[in-house]
Amino acid sequence: MKIIADENIPLVEEFFAPHAEIVRLPGRNMTAEQVRDADALLVRSVTKVNEALLAGSQVKFVGTCTIGMDHLQQDYLTKQNIAFTNAPGCNANSVVEYVYAALCYMNIDWRQRTVGIIGCGNVGGALYRALKAQGVECRCYDPFLTAADNPDLAELDDVLQADIVSMHTPLTTSGPHPSRHLLSKEQLQLLPPGAVLLNAGRGPVVDNQALLQVLRARDDLQVVLDVWETEPNFSTDLLERVTLGSPHIAGYSFDGKLAGTSMIYQAFCRHFGLSEQISLAQVTPKVANNTLSAELEGDDWTAICDLVAQVYDIEDDDRAMRKLARQHLDHGVDLGAGFDLLRKHYAIRREFHNYQVAGKVKKEPLAKSLAALGFHFNK
Ligand SMILES: NC(=O)c1ccc[n+]([C@@H]2O[C@H](COP(=O)([O-])OP(=O)(O)OC[C@H]3O[C@@H](n4cnc5c(N)ncnc54)[C@H](O)[C@@H]3O)[C@@H](O)[C@H]2O)c1
Ligand SMILES: O=C(O)[C@H](O)[C@H](O)COP(=O)(O)O
């Protein structure tokens, strides 16, 4: 059996080599010629898996080691009887941790604010539950859910009135509620003074031209963008006006990436009737020096954000984006290629649940927040 796999999927050899010959390729430029004689295709979000890529090939299984599936031409795959699967929820924790890191960076204590969540599935739902566990008032917009799924559902316009709005929908262009440009100029203008908007879903869900216009006209908003409408290219003007910008890495925890590979491996084994030879636990390295210390007796907020910053310093990601934008503007460096390189060489980031907080946490509100964020600690 032959597998073609994106070169940026970790541990493909460890998982799949017992079952198949593996050829690694850059995902963004995969061609029909390269995949023609493959039985299975393992991709990330940068490969458009469509008729142009697959017509005439013998591919029978497509696995994307990502949550998002907007890069798969699903109707074509179904028509051709090509099995396909994603890795639902694999990096949901990572995205939630990105949101916390961004709020800490902006000095925003989410426990004192209302939070609007747009798209309440694996990622938005995890954020919602963690915030509710800390007593935060949430409003959620998700037209595919009912009050039985989520008692805090509200209309989009009401959700946009929250102090913090976090976007977690897939990118869709058809169906009853397409999400492309869900936030256009009209909706963006509804954000109240001092609001914070985060998009770590897909770039085109927020109309980036409209956002730029709104940010040119208003200086009372803080925006965090991990995803951009024209990736791998992005508007340097927009980057200049957002508070934090990053190269689509919210889901790039090492744990999330490994979980993605492992979930696709399991689906691959099921599809081809193979028995699994290796498990996620076997290949997940322990974090060396995983004890974190913070001033636990003082202000809760400082303690939480100290711990978050020790694990994930989001400012590094923002700095790298701004450096790339400067190199582009001053020296003509290719933005798209630079964006892809930042992602390819992303540092290893582990999720909060790998860390133990030193000392005893005696204060109840702090304990609640640390538990909600996933840290281990002694009471
Ligand atoms: N930035 C990143 O690194 C990163 C990482 C992971 C996922 N993502 C993106 O986030 C998206 C969401 O991930 P997930 O795991 O929560 O997916 P999910 O499928 O579990 O949940 C998505 C939710 O969005 C809702 N939804 C769909 N269309 C909507 C609309 N028009 N308005 C409001 N809600 C809508 C769905 O009903 C569902 O509940 C993914 O599809 C992916 O594109 C980005
Ligand atoms: O959909 C997802 O899972 C995320 O957006 C994922 O982190 C994308 O990463 P990529 O496939 O582009 O490397």
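User: How far is an oxygen atom of ligand 2 from an N or O atom in the side chain of Arg 202?
Analyst: This is a predicted model, where local features need pLDDT of at least 70 and side-chain atom pairs need 80 or more, while totals for chains, interfaces and linings use all residues. Residues count from 1 along each chain as written, chains are lettered from A and ligands numbered from 1 in written order, and side-chain values use heavy atoms, without hydrogens or water. A polar contact here is a pair of N or O atoms within 3.5 Å. For Arg 202 and ligand 2, the distance is 2.8 Å.

User: How much of ligand 2's accessible area does the protein cover?
Analyst: Accessible area comes from the Shrake-Rupley method with a 1.4 Å probe. On its own, ligand 2 has 350 Å² of it, and the share covered by the protein is 95%.

User: Which residue has a polar side-chain atom 2.6 Å from an oxygen atom of ligand 2?
Analyst: Look among the residues around the ligand (a heavy atom within 4 Å), which include Gly 68, His 248 and Tyr 252. Gly 68 uses a backbone N or O atom instead, at 2.7 Å. The side chain you want belongs to His 248.

User: Which element gives the largest share of the largest nonpolar core?
Analyst: Such a core joins buried (under 20% relative accessible area, 1.4 Å probe, protein chains only) Ala, Val, Leu, Ile, Met, Phe, Trp, Tyr and Cys residues through side-chain atoms within 4.5 Å. This one has 58 residues, with Leu 103 and Trp 110 among those touching the most other members. Ten residues come from one DSSP helix (H or I, at least four residues), and that helix is α5.

Definitions and conventions
A polar contact is a pair of N or O atoms within 3.5 Å; within protein, one must be able to donate a hydrogen and the other to accept it, and residues adjacent in sequence count only if both atoms are side-chain atoms. Buried means under 20% relative accessible area, exposed over 50%, partly exposed in between (1.4 Å probe, protein chains only). Helices (H or I, at least four residues) and strands (E, at least two) are DSSP runs, numbered from the N terminus.
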